[in-house]
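Trainee: Could you take me through one part of this model closely, and then show how that part relates to the rest of the chain? I would like to follow the reasoning residue by residue.

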Amino acid sequence: MASQQAATETLAPLSKYSKRVILKTVLEGGTGLVGQTIVIGGWVKSSNEVRKEPLPPPAVAVAGDAPVAAKDVTCVEILQTRIPFFRSIMKVLGGNQNPSRGKLESIVQQLPPPPSVAVLQVSDGSCVPSLQVLVDSSIAPPIQVMATGTCILVEGILQQPTVQGKHAIELKVEKIMHVGTVVQDKYPLSKKRLPLDMLRDFPHFRPRTTTVASITRIRHSLTQATHTFFLNNGFLYVDMPIITTTDGEGFSDKFQVTTLLGKDIKKEAIAMDDTGGVTLETIKASINEKSKQVEGLKRTESNREALVAALQDLRKTNELAAQLEAREKSKSGTSVKSQKVKVEFSEDFFSRRTFLTSSGRLHLESYACALGNVYSFGPRFRAQKLESKKQVAEMWMIELEIAFSQLEVQLHKLSAFITVLFCTSYRPNYVSSASICICIIFVFQDAMNCADDFLKFVSKWVLENCSEDLKFLSKRVDPTIVDRLQLLTSSSFQRISYAEAVEVLKQVKDKKFEAKLELGMPLTEEHESYLVDEIYQKPVIIHNYPKELQPFYVRLNDDGKTVAAFDVVLPKAGKLIRASQNEERFNVLTTRIKELDLPKEQYEWYLDLRRHGTVMHSGFSLSFDLLVVYATGLIDVREVIPFPRSHGKATN
């Protein structure tokens, strides 16, 4: 009685708003649930039809024996057992002109199909395995429910499998409550095992595949783990705006938000600068060269100051080209001033230029300065055309700020022996020739410890709550998934400075990198991957970057050349976390804004936080989508985003 009551509780409906029971509950209950009547719903993954055994012929008495009672059968049942015989006769008769054949064929066609059972493998997305569902032809024609992708809602009784195999329990349908049919020749999942890259063209259907369903459940679990971690550690959740007037990094390719498209745009006549006799063709050729230079700087993630300067130069050249084009279009012999289009943003929806946000950390600072430890979780946007497996136009980010937090910096004189050990603990063949050097050693507190603890927590959470999905993806995608997650939960992170990372990579002899590496140049994905996959074979924290490689708001170190920032790089996923202590000194921050020629009016509200009650604080941005990539073993971030948006691709 107690076991029956427990089973009844286990098979409670999905919620008080639905009568159906999720299949995960049924499949986990196994044979202990036999005999229960339940409602389930899902989609047909695969199917086959099993014909019922033909009825035996009536018994005939044999001489010397007592007559055997024959079972009552209908004429239709007898005719159904004779269909093969009738078809043989039609073949013998042959020819379409034979009237006897035509009458016989008409009789056969009018007969109902022989009784059968549709054996369906049904999934509702709650778990990896499917439930075997039996639908008798007397309840629904097999052709109606067997097509891949068909949605069914049925009521039936759980029973032991009629045929022993991989299924521990099956459902015999007694009542069909809904059937959602499919157009089989147009349904994209009709074919078996479509590659993931082909599924991107049908993002509205791909969660019905087992692989994408597992990815989605792991993503959901990571989301739960994220909120649980911050709740347990005293962080307050704050929503950040998606539309902003501020460039969150001081420099980024932004999506502009406007309602002015399609409306008449006002034009304002302006005086044209002297072009010095330069032709339009020359200007256009210069634009092409400058555009190539800008694209090259973007691809290599070169220093931000060089990229800003190149973009300003390109913008001025484009303005000059527009002026020359306007002059050439003016009437011959008429001296007029050229015109350029000037958008009157005062007439726009927000009365000023606005963009989709690329980072929420600046806005999050305002709440950290009032509430202490805060975090946000939402989409961020970058209008980059660069094709990358690690970056798309819309990505979800976890961002946090910790008030009264800093990355303390201390200077220590260390002997060459200790320096060599520190720089070469994992690659003893790399040796430094310096006898005495001064190293900047970070006391890894606050944001660094938070990043370390967070990654360990979510990895352990997924291992404990998604074992079935991890097992499936280990077979289908990457057999090392579980080992990497376990390593992340138990290992310490390798911590090196940017200068040390460059030195280690320059000592590599058996690998030729595509991008040349020198001090002051950014580390590419290839460099970072080699550090974590080949040299240290574990997560790496790289800190103490040159100021040119970091956003304007990162706190400047006392040397005036480096900043208090660090990145966390994981095997396979790449750079997962970008972190920093932010500049709280008003004069230093305004100087950095001026150095990078940023529009100061955009950041007046941000500077107010330094004018009134400033506080030292640090935080980081974590790419949630890349965290899912790491947990699932995939290599392309587009496979783990429900509806990926990348350059030239926005399917629905």
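**Helix H8 and its salt bridges**

Mentor: Both Arg217 and Asp469 are buried, and that pair is a good place to begin, bearing in mind throughout that this is a predicted model. The side chains of the two residues form a salt bridge, with 2.8 Å from N to O. Arg217 belongs to helix H8 and Asp469 to helix H14, which covers residues 467–476, so that this link joins distant parts of the chain, 252 residues apart. The general background is that side chains of opposite charge can pair when their charged atoms come close.

Helix H8 itself spans residues 210–232, and Ser221 is found within it. Ser221 counts as buried because its relative accessibility is 4%, under the 20% cut-off for that label. Leaving aside residues up to four places away in sequence, Ser221 touches Trp461, Val462, Asn465 and Cys466. Of these contacts, Cys466 also counts as buried, because its relative accessibility is 4%. Another cysteine, Cys127, is buried with a relative accessible area of 5%, and a search of the whole structure finds zero disulfides.

A second charged residue of H8 makes a link of its own. The side chains of Arg219 and Asp625 meet in a salt bridge at 2.7 Å, N to O. This pair, too, links distant parts of the chain, since Arg219 is in helix H8 whereas Asp625 is in helix H20, residues 624–632, and the two are 406 residues apart. Both Asp625 and Arg219 are buried.

To set these pairs in context, the structure holds 27 salt bridges. One of the others joins the side chains of Lys547 and Glu595, at 4.0 Å from N to O. Lys547 lies in the loop between strand S17 (540–543) and strand S18 (565–570), while Glu595 lies in helix H18 (residues 586–595), so this pair ties together parts that are 48 residues apart in sequence. The two partners differ in their surroundings, because Lys547 counts as buried at 15% relative accessibility, whereas Glu595, with a relative accessible area of 41%, is partly exposed. Salt bridges also link Arg200, Arg206, Asp636, Arg638 and Glu639 in a network.

Two further regions can be set beside this picture. In helix H11, which runs over residues 361–371, the buried residues include Arg361, Leu362, His363, Leu364, Glu365 and Ala368. The buried residues of H11 pack against several elements, among them strand S12 (374–381), strand S13 (394–403), strand S19 (574–581) and helix H19 (604–611). Just after H11, Gly372 takes a positive phi of about 95°.

The other region is a closed barrel of five strands, in the order S1-S2-S3-S5-S4, where the pairing is mixed. From one strand to the next, the twist averages 55°. Strand S1 (residues 37–51) and strand S4 (residues 151–159) run antiparallel and are joined by seven bridges; as an example of the pairing, Gly42 has Ile152 in S4 as its bridge partner.

To return to the part you asked about, helix H8 contributes Arg217 to the link with helix H14 and Arg219 to the link with helix H20, while Ser221, also in H8, touches Trp461 and Cys466, among others.

How values were computed: Residues are numbered from 1 along each chain as its sequence is written. This is a predicted model: local features need pLDDT of at least 70, side-chain atom pairs count only at pLDDT 80 or more; totals for chains, interfaces and linings use all residues. Side-chain values use heavy atoms; hydrogens and water are left out. Two strands pair if DSSP finds at least two bridges between them. Helices (H or I, at least four residues) and strands (E, at least two) are DSSP runs, numbered from the N terminus. Axes are lines fitted to C-alpha atoms, for helices over the stretch in contact, and angles run from 0 to 180 degrees between N-to-C directions. Buried means under 20% relative accessible area, exposed over 50%, partly exposed in between (1.4 Å probe, protein chains only). Contact means heavy atoms within 4.5 Å. A disulfide is a pair of cysteine sulfur atoms within 2.5 Å.
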